[in-house]
Amino acid sequence: MGIYISDGSIPVLSNVIIQNNTASSGGGIYLYIGTPIIEDSYILNNEANHNGGGIYSSSVNINTLPPEHQGIVENYTVLNRTVIANNSANNGYNCAGNGAGLELFYYSKTKIYNSIITNNSVIQEGMCEWT
């Protein structure tokens with residue numbers, strides 16, 4: 001995994017190249033409860049064995065906590081002048097992965113400005129059967 005963002009952090013990634021990383025999910029960036037700003041950057045040639053070859057973003061439902069702490073904690077990512085290219089996702093269980101370039105899961109939001117998401121691929125080696 002290239003970068004792991006969590007616990008409500010608000011990093012600014014500017015002029016970075018995140019490339020040639022491999023992870024279960026989020027080959028380039030794994031985001032779990034955070035608000036990154038990614039600008040003037042490249043997310044290239046990363047691979048996820050499951051979801052989000054370039055970026056995987058997931059949030060949490062905290063409705064299992066006491067009422068005063070319940071709600072949804074959202075991820076909110078800003079991409080500005082960023083290229084997400086040539087990333088791949090493969091489920092690893094002979095099933096297609098999801099979100100080769102960018103996987104937004106469970107209350108994840110992204111604003112994309114002047115960016116390019118291109119040539120990302122989902123690798124499928126067989127059929128899936130979910131029961």
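Let's start with one residue: Ser25 counts as buried because its relative accessibility is 13%, and buried here means under 20% relative accessible area, with exposed being over 50% and partly exposed in between (1.4 Å probe, protein chains only). Bear in mind that this is a predicted model, where local features need pLDDT of at least 70, side-chain atom pairs count only at pLDDT 80 or more, and totals for chains, interfaces and linings use all residues. Residues are numbered from 1 along each chain as its sequence is written, and side-chain values use heavy atoms, leaving out hydrogens and water.

**Around Ser25**

- You'll find Ser25 in the loop between β4 and β5 (29-34). Strands are DSSP runs of E with at least two residues, helices are runs of H or I with at least four, and both are numbered from the N terminus.
- Setting aside neighbours within four places in sequence, Ser25 is in contact with Tyr30, Ala48, His50, Asn51, Gly52 and Tyr56. Contact means heavy atoms within 4.5 Å.

**Strand β9 and its partners**

- One of those contacts of Ser25, Tyr56, belongs to strand β9 (residues 55-58), where Tyr56 and Ser58 point one way, Ile55 and Ser57 point the other way, and all are buried.
- As a general point, side chains in a regular strand alternate between the two faces of the sheet.
- Strand β9 runs parallel to β5, joined by 4 bridges; two strands pair if DSSP finds at least two bridges between them. Here Leu31 has Ser57 in β9 as its bridge partner.
- Another 4 bridges link β9 to strand β15 (residues 102-105), again in parallel. In this pairing, Ile55 stands opposite Leu102 in β15.

**A four-strand sheet**

- There's an open sheet of 4 strands in the order β4-β8-β14-β18, and its pairing is parallel.
- At the edges sit β4 (22-23) and β18 (121-123), each of which pairs on one side only.
- Strand β14 (residues 88-90) and β18 run parallel, with 3 bridges between them. For Ala89, the bridge partner in β18 is Val122.

**The whole chain**

- The protein chain has 18 strands and 0 helices.
- Of its 131 residues, 40% are buried.
- Among contacts with a separation of 6 or more, 80% are between residues 24 or more positions apart.
- The protein chain exposes about 7,100 Å², and carbon and sulfur atoms supply 50% of that. Accessible areas come from the Shrake-Rupley method with a 1.4 Å probe, and for residues only the protein chains shown count as cover.
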